[in-house]
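User: I am new to this structure and would be grateful for a close look at one part of it. Please describe how the domains of one chain are arranged and then place that chain in its wider setting.

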Amino acid sequence: MISASEKRQLLNREPCFEDITNSLRATGSQPKGIINEARDVVAIARKFADEVVRPHALALDLKITQDHDYLPWEFVQQANEWGFYTLFIPRIFGGQGYNISTVGFFVEEIASVCLAMGNLIGVHYLGYIKLIASWNMKMINRLSREVVAGEKSKKPCLLSLAMTEPNAGTDSQNSEFMNTGNLGCHARKVDGGYSISGTKIFISCGHLSTWHLVHAYTDLDRAAENTVMLAVKTGTKGFSFGRTEKKMGQQGSIASELIFNDCFVPTGDVCVENEQTNRLSRSIKETNAQIFAYIWSTSRAAGVGYMGVAAARGAFEKALGFASVQKVDGTLLINQEWCQGLLARMYINVAVARTACSEGTQACAMHGLWRILNIKPIYYLIRYTPAPVLDMIFNRLCERPFMTWLFRKLCFNHQKNEEIDRIDGWGSLAKVAGTDAAITNCHMALELMGQAGLRHDQGMEKILRDAKLLQIYEGTNEINRINVFKRLIARSCDQAVAFSPSNI
Amino acid sequence: MITNNDKELKLLDRTAREFARKELAVGREENDRFPHGPFFGSVLEKAFDLDFFHSILPEAHGGIGQGISSLCILLENICREDASLGGIMLTNSVAHELFFASNASELLGTIIEDGNGAEAFLIAAPVFNDPSSQTPLVTAYKTGDGYQLKGRQDYLVLGGIAGHAIVPGVVDGVDGISFFLVDLKEKGVKISEPVESLGLHACPGVDLVLENARAILVGEEGTGKACFEKMVSKLSVAGAAMALGIMKGAFKEAVDYTQKRSQGGRPIIDWSEMRMILANMAITIKTSEMIVSRACQAMENNESGWEACARAGAIQVHDMACNLTTDGIQVMGGVGYMKDFGQEKRFRDAKHIQSMFGITPMKKLKYLENIL
């Protein structure tokens, strides 16, 4: 028989057993209650898609084609009234507490009807994920409760993630490139906080957000070791909005320019700085890379990957609808064998992409941002404790530096390197699988629909225009493929290096 | 395109490229705003004055009477910068060829010789479908001195700009398709606002509703399908030339950008992954150029099977253009997706023109049917 050590050795051989069994392992480790949460969010998302998204999606796209400075506040108001901006905020911070593992299912339902509207909700959680990745419990609690208050007062409070700069796209999102890149958003330490100057671009929903989670750098030449994460509120002196980008698609979800000119950020709004992370077990640069992995893994697997699934599904549904009514040579397309094969290929693309995103999401659930909250006793304790009791306890606890210290110990120090590799690798894999499936299915649908597909009023051409952005933001698919190599493949070859000048 | 050292073609190549660079590249973003911005009528007139609409038109009709290569060279160069003008040129050629295929050149002569400037010269046509697959078609009823048409024709390209249109229909009681010439100012002709579309914004289509509108039969009743196929065989390669031009424009903009943009401390053109994408683009373009040039040569030499050469080549080149323009955006990242640059338009236009003459799967099946 096989000895324990031999078994361990065999299972660690590539592909590593843990890497190929995310969902299987999650079945045992994750709370069962998440399944019912998923049912809830899919049902509410479908209702919202029917009542709000479908009737207005094409009109919003057209409206912004005509007037690209238009801001879709009415949609944001509706999403806020439906409670969507607090849906995935944990109950300990005053939110509705739906598990982040279910956000992908939610996003898919809305984005399969309109990617831009899916983004108008989803991007808020991208900002929120960045906030969580700081593990600054005081800031997380404070901003979470502002979002909750915004829901109650009907004044939406959204969060944005601000990272990309005019001369730094890839450079701003990968710690390997920061020190040789062209980063320009400078943070100067001043009495009582930081003063930041620089510009951020392509910030999704910037103009619509109240808080902006901004990466800035105290030393632009050594940015990887000198990154600060700051929360800047709209209206702060020295902070202004620039242009909104004229995009090909996802027009409802605006892309903003954020301009900082000696903008003072008080110490209380600093989420992460070196003084806070220099006592952790990893180096400051490694911790910054770990924060990136936390952000990108969840936002790629549970976010943009599922947006890709949604676009692939939207294209499939358009093609199916067209084939069901269109006759060619006297026979409905749907009853022609070649068309059935084509539709089946599209369906398979959706299913395979969704499976990849589900695997990535489960990896994150076990080893990523929500790992602590998904430990079964903690999960059920938080779920069944009355909200007022949770508020009373956590509002006080989160004020104490001890909480930030504790969560950073748990989330940074206790996360193993192989777990970082797994979540980050699977995040990239899911993102590429989902978004490539989106473009593939859009091409297939348009080839099937011909002239009908070219018309805006049929909705299919919009899906293609919208979907193309998915292959670009949150790291181009090219960069994400290299990240898959770095995180999941390179370790099997000692001589392999990734994201290095030697790769030219 | 390969000009085989033909002096006339070389001159045409230079003239068209210079025109595209000077007249089209500058106003591309603004022109593409149509119908939410002005129509580029003055550019259209300049192209008309340069005889870009007359290259393959027989001399008897005031044209230059050159071969298909000349049209392809023009379209390729125009579409490097803005495929909308190429779309207008091609639509007009589609209409002309339908007349010629129907042996109705005299009727065509009465239209274009009456013309006064580009817009009066243009004839609208439904370019993005195959009328034999279209249901329902316009119905034609015989009257004393001609025909009256009833029904609708969706996405009639140039319908809001041209003076006349050629429209497929079915004569009541007669099998098969026929083509009709419709004066778009006639009573009973209703034209929608320009249809919002994926690409070719400045080559707009409209939905046409005909309520007992007077029309003239083009050719003979029931012969429209054969005429359409004849036209497609000839002009498929012109559509492919448009795709080739779009690809060349995308490649040039991609290379220019990657030489200027740096990430990770080095120009992104030095990243080997980027070089691989650009290499694949370059190879695709060279392959497409060979396909288009060879198809033109086969047609001009009247080689046996030139129709198959043109049709198969066109299907392939359109497919390659759709993939290449995706990469054209990808190499530029976020800015490639923005309207300030040309790549997003090329991506849309390449996909748009792939549907020329019908849906791609049926074009493939028809190709097989033709060669079996």
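Analyst:

**Chain B and its surroundings**

In this predicted model, the C-alpha centres of domain 1 of chain B and domain 3 of chain B are 20 Å apart. The domain assignment of chain B places domain 1 at 7–121, domain 2 at 123–222 and domain 3 at 225–371. Between domain 1 of chain B and domain 3 of chain B, the contact involves 24 residues of the former and 25 residues of the latter. On the domain 1 side, helix 2 (28–31), helix 4 (68–81) and helix 5 (83–101) of chain B each contribute at least two residues. Helix 4 of chain B provides the largest share of that side, with 11 residues. Sorted by class, the side of domain 1 of chain B that touches domain 3 of chain B holds 11 nonpolar, six polar and seven charged residues.

Helix 6 (residues 105–112) of chain B deserves separate attention. Its buried residues are L108(B), I111(B) and I112(B). Viewed down the axis of helix 6 of chain B, these buried residues fall within an arc of 85°, and they therefore line one face of the helix. An α-helix has 3.6 residues a turn, so residues three or four places apart point the same way. On the other side of helix 6 of chain B, E106(B) and T110(B) are exposed. The cover over the buried residues of helix 6 of chain B includes helix 5, helix 7, strand 1 (123–124) and strand 4 (164–171) of chain B.

The confidence values for this chain are as follows. Chain B has a mean pLDDT of 95, and 99% of its residues reach 70 or more. Within chain B, confidence is lowest in helix 7 (residues 118–121), at a mean of 83, and highest in helix 11, at 98. For the complex, the predictor gives an ipTM of 0.97 and a pTM of 0.97.

The contact between the two chains takes 40 residues from chain B and 42 residues from chain A. Strand 8 (262–263), helix 9 (272–300), helix 10 (306–330), helix 11 (343–354) and helix 12 (360–371) of chain B each supply at least two residues of the side that touches chain A. Helix 11 of chain B gives the most to that side, with six residues. By class, the side of chain B that touches chain A comprises 13 nonpolar, 19 polar and eight charged residues.

The partner, chain A, is assigned domain 1 (16–156 + 279–491) and domain 2 (160–277). The C-alpha centres of domain 1 of chain A and domain 2 of chain A lie 23 Å apart. Their contact draws 40 residues from domain 1 of chain A and 31 residues from domain 2 of chain A. Elements giving two or more residues to the domain 1 side include helix 3 (33–66), helix 6 (115–133) and helix 11 (284–325) of chain A. Helix 6 of chain A supplies the largest share of this side, 10 residues.

Finally, the nonpolar core may be considered. The largest nonpolar core has 284 residues, of which L230(A), A311(A) and V237(B) touch the most other members. Helix 11 of chain A gives the most to this core, with 20 residues. Apart from its neighbours within four places in sequence, L230(A) is in contact with Y194(A), I196(A), V214(A), A216(A), V265(A), D269(A), V270(A) and C271(A).

Technical notes. Residues are numbered from 1 along each chain as its sequence is written. Chains are lettered from A and ligands numbered from 1 in the order in which they are written. This is a predicted model: local features need pLDDT of at least 70, side-chain atom pairs count only at pLDDT 80 or more; totals for chains, interfaces and linings use all residues. Domain bounds come from an automatic or database domain assignment. Two residues are in contact if their C-beta atoms, placed from the backbone, lie within 7 Å. Helices (H or I, at least four residues) and strands (E, at least two) are DSSP runs, numbered from the N terminus. Ala, Val, Leu, Ile, Met, Phe, Trp, Tyr, Cys and Pro count as nonpolar, Asp, Glu, Lys and Arg as charged, and the others, Gly among them, as polar. pLDDT is the predictor's confidence in each residue, from 0 to 100. A residue is buried if 20 or more other C-beta atoms lie within 10 Å of its own, exposed if 12 or fewer, and partly exposed in between; C-beta atoms are placed from the backbone. The arc is that of the directions from the helix axis to the C-beta atoms. A nonpolar core is a set of buried Ala, Val, Leu, Ile, Met, Phe, Trp, Tyr and Cys residues joined through C-beta atoms within 7 Å.
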